[in-house]
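Biologist: Could you take me through the salt bridges of this model in some detail? I would love a close look at which side chains pair up and where they sit.

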Amino acid sequence: IVCDSKFREAKPHNSKQFDGDFDILIGTHSLLYEKAKFKNLALVVIDEQHRFGVEQRAVLWGKGNNPHLLSMTATPIPRTIALAVYGDMDLSYLDEMPAGRLKIKTWVVPNEKRDSANAWLSKQLKENNSQCFIICPLIEEPAMPAGRSENLVTIKAAKAEFDRTKKNFPDFRVGLLHGKLKSAEKTNVINQFRQHKLDILVSTPVVEVGIDIANAAVMFIEGADRFGLAQLHQLRGRVGRGDIQSYCFLFTENNNKEALTRLKNMEKYQIGEKLAEEDLKLRGPGELFGVKQHGFGTLKIASFSDFALMAKAKREAEALVAKNHKLNFHPLLQKKIEKFLNLETNQ
């Protein structure tokens, strides 16, 4: 059974869904709906797990009696890496590109090189007959609130960028895609782009997953500093899906050293797991017993980025528990664990 947003409006003849009269149920976030019940849920598979919050994943897992859980993503978030390090999650990953794929050349581009980038794009589209995504953080430019809001004005929005792009690239066909469009309108725009009836698609991050257009070889990401590394990597994956050289330009007006350092990781790394490790160093692992997906806790000896040491500690801990899971021969360790668990419970 396939389940989408209409699941909430299920008619009486669909009530079998709640009785478990199926073997496999494929759905969206709508499976979080409180009336979605299962008789014997044995396995939960969460694809694109970075698009689900901690509590949302817990809700899905909680619809069964301790079911197996498989989380899949090309862009693991810091908390996922930390959970894998601490032994609460086994980690398997593919670190190879599909056959014939080329690495996507990625550059962080300062605003003063905007005109040069536009000229390069025009040449690229003409000579190689390829297509381009332009990604914006917002649909519409925010209204100027009372008081000062100079920073907000610089945030690129898809609707305004669509108008600018038509003026800057008059020889090319430009389309617009965002979350406020009706489903049929979105499908129509994507189909036009897929059939190469559009050369440039200006969009919000709604294209982050599920879009596979081999001829799309260039991506411009506006306000790149406003996206996490996981999302940037996921967006970048919309190009480079064919056998032609592809490019990703990260535009930012943010001169903050930390922000630029973070973006520079996109130039260096193509593998999501490596980017997640860098994200972990910069943003922290979040709460292992809470809902925060990033942020720093406290370790007295190790660093959260010291994966080799933590992996060794994990192996030693597993060996210790395997010998005596109640830790009867280690009373001091017992007390420390009890104290830690009580502390986490009271926070």
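Modeller: Happy to; here is a walk through the salt bridges, one pair at a time. Please keep in mind that this is a predicted model. The structure holds 11 salt bridges.

Let us start with glutamate 222 and arginine 114, whose closest N and O atoms are 2.6 Å apart. Glutamate 222 lies in the loop between strand S9 (216–221) and helix H8 (229–236), while arginine 114 belongs to helix H4 (residues 114–128), so this pair ties together parts that are 108 residues apart in sequence. How accessible are these two residues, buried or exposed? Glutamate 222 has a relative accessibility of 2% and therefore counts as buried, the cut-off being under 20%. Arginine 114, at 13% relative accessibility, counts as buried too.

Arginine 114 and glutamate 222 also belong to a network of salt bridges that links them with Glu141, Lys156, Glu161 and Arg164. Within that group, the side chains of glutamate 161 and lysine 156 meet in a salt bridge, at 3.8 Å from N to O. Glutamate 161 and lysine 156 are both buried.

Now for another pair: lysine 126 forms a salt bridge with aspartate 171, with 3.9 Å between the closest N and O atoms. This pair links distant parts of the chain, 45 residues apart: lysine 126 is in helix H4, and aspartate 171 is in the loop between helix H6 (158–168) and strand S7 (174–177). Here both partners, lysine 126 and aspartate 171, are exposed.

Terms used:
Residues are numbered from 1 along each chain as its sequence is written. This is a predicted model: local features need pLDDT of at least 70, side-chain atom pairs count only at pLDDT 80 or more; totals for chains, interfaces and linings use all residues. Side-chain values use heavy atoms; hydrogens and water are left out. A salt bridge is a side-chain nitrogen of Lys or Arg within 4 Å of a carboxyl oxygen of Asp or Glu. Helices (H or I, at least four residues) and strands (E, at least two) are DSSP runs, numbered from the N terminus. Buried means under 20% relative accessible area, exposed over 50%, partly exposed in between (1.4 Å probe, protein chains only).
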